[in-house]
Amino acid sequence: MADDKKVSDTETNADCGVCDRPVRKIGVLCGLCEGWFHVGCEKLSKDDYEKLTELGDKSHWFCKTCRSKFKGMKKEIQVLREDNKALKNRLEAVEKRMDDLQNDIVRDIKEKVIEEIREDEEQERRKSNLVIYNLPEPEGTNAEEVGDIEEAVCQQLFEQEIKVQEVAVVSVKRLGKPREREVRPRPNANAAEPGVADKPKPRPLLVKLIDAKTKWTILKNCKNLKYTQNDIFKYVSVTPDMTYKQRQEDKRLRDELRRRKGMGETNLYISKGDQAINENGRMVLEMMEENDLIRINDTPMCNGTYAWSRGNQRSAIDLILANREAYNYVQEMFIDEQKELYDLSDHNLIKLKLKLNERKPNFNKDAEEHLPEEN
């Protein structure tokens, strides 16, 4: 039998895949399992057999067993196709979502960068400005004359009350629209009698100075306003000209200031819109920065916070500072806030545990060094 034959009308020397008897004549070869089968065992019609014979090598025939396998495989293939289609759809949806997220991230970053640029530009524009509240507005209709009066009043405020000399004022401007007088009824008067027209509350005054250094000098010395004897400046307050973002941060700092004062800390103030510290704290921070020191009070090794207490007042006034080399030897820091170990002062006892290398002294050598010399 030739190997390339798929039908036979002669003896093949092969057993039938159904009856296991030799296929002597009229057999067909399965294209999948490559087994020979009797035409009768496979119930192959005469016409089909003749067609396979005519086609020869171009024909493809499969036995019943392989055909049943094909049916199962066909179902599995259909399931795989459907799963593949579903997976493809999910993949496309994920890719689209990733593209959308990427676009959202790029847009958010772009918007944030633009917002920060605008914020920086706005802060730069306002960096030399002050806003004065509750400063009475001069009466008059001539804008130039009113502006000159405002500048003169500002100079008086800065030089005589705040005690900052030679302040160069670039311009002044009232913020907001002019306010109308508020009319209130006269006390013990008839309803028909006209009321009393009170002066409207002064609008904030925006003052542009020559530089930011002058602005911060004025703000630093505004504490002198509490000693004023001039009724014009009695209720005046001065603040930096802040953006909305700066005002939000300023509110957060003031909330922190109230919280810390409520816990007993004293002499606190907001330094240049940065953080709530007192003067001593500012000097400590500068010294730490200049000398690269670590404040052990702020590390996890410290147990306790307040090193001073008197009545309801508390403060973290006493600090332990160390350079980076000495910091490696620190094991534990304890602040006796409850005064369990020591209660003779308003300062709480601070214990610092260090791990030092032990070195046994050489007493003989020390004794020899201190023996008197022989004459």
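Here are legends for three close-up views of this predicted model.

**View A. An aromatic pair joins Phe37 and Trp61.**
Welcome to the aromatic contact of this model: the structure holds 1 aromatic pair. The ring centres of Phe37 and Trp61 are 5.9 Å apart and the planes meet at 65°, so the pair is edge-to-face, given that angles over 60 degrees fall in that class. Phe37 belongs to strand β3, while Trp61 sits in the loop between α1 and α2, so the contact ties together parts that are 24 residues apart in sequence. How much of each partner is accessible? Phe37 has a relative accessible area of 6% and is buried. Trp61 is buried as well, at 11%; the cut-off for buried is under 20%.

**View B. Five residues make a positive surface patch.**
Look here for Lys43, Lys64, Arg67, Lys71 and Lys75, which together form the patch. One of them, Lys43, is found in the loop that runs between β3 (36–38) and α1 (46–55). Its relative accessibility is 70%, so Lys43 counts as exposed, the threshold being over 50%.

**View C. A nonpolar patch lies on the surface.**
Leu101, Ile105, Ile109, Val113 and Ile117 make up this patch, which covers about 420 Å². To place one of its members, find Ile117 in helix α2, which spans residues 64–126. Is Ile117 buried, partly exposed or exposed? With a relative accessible area of 43%, Ile117 is partly exposed, because that class lies between the 20% and 50% limits.

How values were computed:
Residues are numbered from 1 along each chain as its sequence is written. This is a predicted model: local features need pLDDT of at least 70, side-chain atom pairs count only at pLDDT 80 or more; totals for chains, interfaces and linings use all residues. Side-chain values use heavy atoms; hydrogens and water are left out. Patches are made of residues with over 30% relative accessible area and no salt bridge: like charges are joined within 9 Å, nonpolar side chains (Val, Leu, Ile, Met, Phe, Trp, Tyr) within 5 Å. Accessible areas come from the Shrake-Rupley method with a 1.4 Å probe; for residues, only the protein chains shown count as cover. A salt bridge is a side-chain nitrogen of Lys or Arg within 4 Å of a carboxyl oxygen of Asp or Glu. Lys and Arg count as positive and Asp and Glu as negative; His and the chain ends are not counted. The place of a charge is taken as NZ of Lys, CZ of Arg, CG of Asp or CD of Glu. Helices (H or I, at least four residues) and strands (E, at least two) are DSSP runs, numbered from the N terminus. Buried means under 20% relative accessible area, exposed over 50%, partly exposed in between (1.4 Å probe, protein chains only). Rings of Phe, Tyr and Trp (its six-membered ring) pair if their centres lie within 6.5 Å; planes under 30 degrees apart count as stacked, over 60 as edge-to-face and the rest as tilted.
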